[in-house]
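Please walk through the fold shown here. The text takes up helix packing, then the sheet, then single elements.

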Amino acid sequence: MNELEQMYQEIILDAACERHGAGVLDEPAGESFQVNPTCGDQVTMQVSIDDGKIALAWDGHGCSISQASISIMSELVEGKTVEEFDQLYRTFRHMMDGQGAAISDEDADLLEDASAFQGVSKFPMRIKCALLGWMALRDATDQALE
């Protein structure tokens with residue numbers, strides 16, 4: 001394992017333990033339950049949008065990839081606008097669809113620690129783990145905007 005892959009692995013393992021954003025919202029405007037039937041990962045994502053800014057909370061369990069992805073995403077998205085989240089979602093999704101292809105420096109800067117999941121995109125069975133929380137947040141945000 002090269003030095004960059006080792007650093008990414010450490011970021012993922014640390015984020016899985018920290019569980020940024022875990023909890024519940026008092027009055028969510030949108031809520032989404034998502035499950036990955038392949039491995040059993042689960043997440044319930046709650047969202048509220050106040051003054052155009054996203055507040056989120058989640059509860060779930062699963063592998064270190066899904067939990068780390070949700071934790072990093074939560075930290076990255078909290079307080080952002082829906083438009084900013086849309087850009088982050090599209091960029092993360094594009095990276096996951098890239099099958100391990102290098103991403104631009106601009107995308108890496110935008111995604112911050114979420115760019116650590118670039119290596120995960122080489123493994124089709126793990127892509128769903130990394131996308132679980134992002135898809136839940138997308139669904140909950142769409143509900144909140146209805």
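Which residues in helix 2 meet which residues in helix 5? The model is a predicted one, and in this model the helix 2 side of the contact consists of Ile 65, Ser 66, Ser 69, Ile 70, Met 73, Leu 76 and Val 77. On the helix 5 side they meet Arg 126, Cys 129, Ala 130, Gly 133, Trp 134 and Leu 137. By character, the residues of this contact between helix 2 and helix 5 divide into nine nonpolar, three polar and one charged. An α-helix has 3.6 residues a turn, so residues three or four places apart point the same way.

The geometry of the pair can be given briefly. Helix 2 covers residues 64-77 and helix 5 covers residues 124-145; they pack at an angle of about 35°, and their axes are 8 Å apart. The crossing of helix 2 past helix 5 is right-handed.

Helix 2 can also be checked for its length. Its 14 residues, at 1.5 Å a residue, should span 20 Å, and because its end C-alpha atoms are 20 Å apart, the two values agree. Helix 2 is mostly covered, with 12 of its 14 residues buried. Among them are Ile 65, Ser 66, Ser 69, Ile 70, Met 73, Leu 76 and Val 77, the residues that meet helix 5. The buried set also includes Gln 67, Ala 68, Ser 71, Ile 72 and Ser 74. Just after helix 2, Gly 79 has a positive phi of about 85°.

The sheet comes next. Three strands form an open sheet in the order 1-2-3, and their pairing is antiparallel. Its edge strands, each paired on one side only, are strand 1 (30-35) and strand 3 (53-61). From one strand to the next, the twist averages 15°. Helix 2 packs on this sheet and touches strand 2 and strand 3, and its direction makes about 165° with that of strand 3.

Within the sheet, strand 1 pairs with strand 2 (residues 42-50) in the antiparallel sense over six bridges. Phe 33 has Thr 44 in strand 2 as its bridge partner, and Val 35 stands opposite Gln 42 in strand 2. The two strands form a hairpin with six residues between them, and Gly 40 in the turn has a positive phi of about 90°.

Is Asn 36, with 2% relative accessibility, buried or exposed? Asn 36 lies in the loop between strand 1 and strand 2, and Asn 36 counts as buried because buried means under 20% relative accessible area. Leaving aside residues up to four places away in sequence, Asn 36 touches Asp 41, Lys 128, Cys 129 and Leu 132. Of these, Cys 129 is also one of the helix 5 residues met by helix 2.

Helix 3 remains. The 16 residues of helix 3 (residues 82-97) should span 22 Å at 1.5 Å a residue, and its end C-alpha atoms are 22 Å apart, so the two values agree. Its buried residues are Val 82, Phe 85, Leu 88, Tyr 89, Thr 91, Phe 92, Met 95 and Met 96. The cover over these residues includes strand 2, strand 3, helix 2, helix 4 (105-111) and helix 5. Just after helix 3, Gln 99 takes a positive phi of about 50°.

Key: Residues are numbered from 1 along each chain as its sequence is written. This is a predicted model: local features need pLDDT of at least 70, side-chain atom pairs count only at pLDDT 80 or more; totals for chains, interfaces and linings use all residues. Side-chain values use heavy atoms; hydrogens and water are left out. Axes are lines fitted to C-alpha atoms, for helices over the stretch in contact, and angles run from 0 to 180 degrees between N-to-C directions. Helices (H or I, at least four residues) and strands (E, at least two) are DSSP runs, numbered from the N terminus. A crossing is left-handed if the near helix is turned anticlockwise from the far one by less than a right angle, and right-handed if clockwise. Contact means heavy atoms within 4.5 Å. Ala, Val, Leu, Ile, Met, Phe, Trp, Tyr, Cys and Pro count as nonpolar, Asp, Glu, Lys and Arg as charged, and the others, Gly among them, as polar. Two strands pair if DSSP finds at least two bridges between them. The expected span of a helix is 1.5 Å times one less than its number of residues. Buried means under 20% relative accessible area, exposed over 50%, partly exposed in between (1.4 Å probe, protein chains only).
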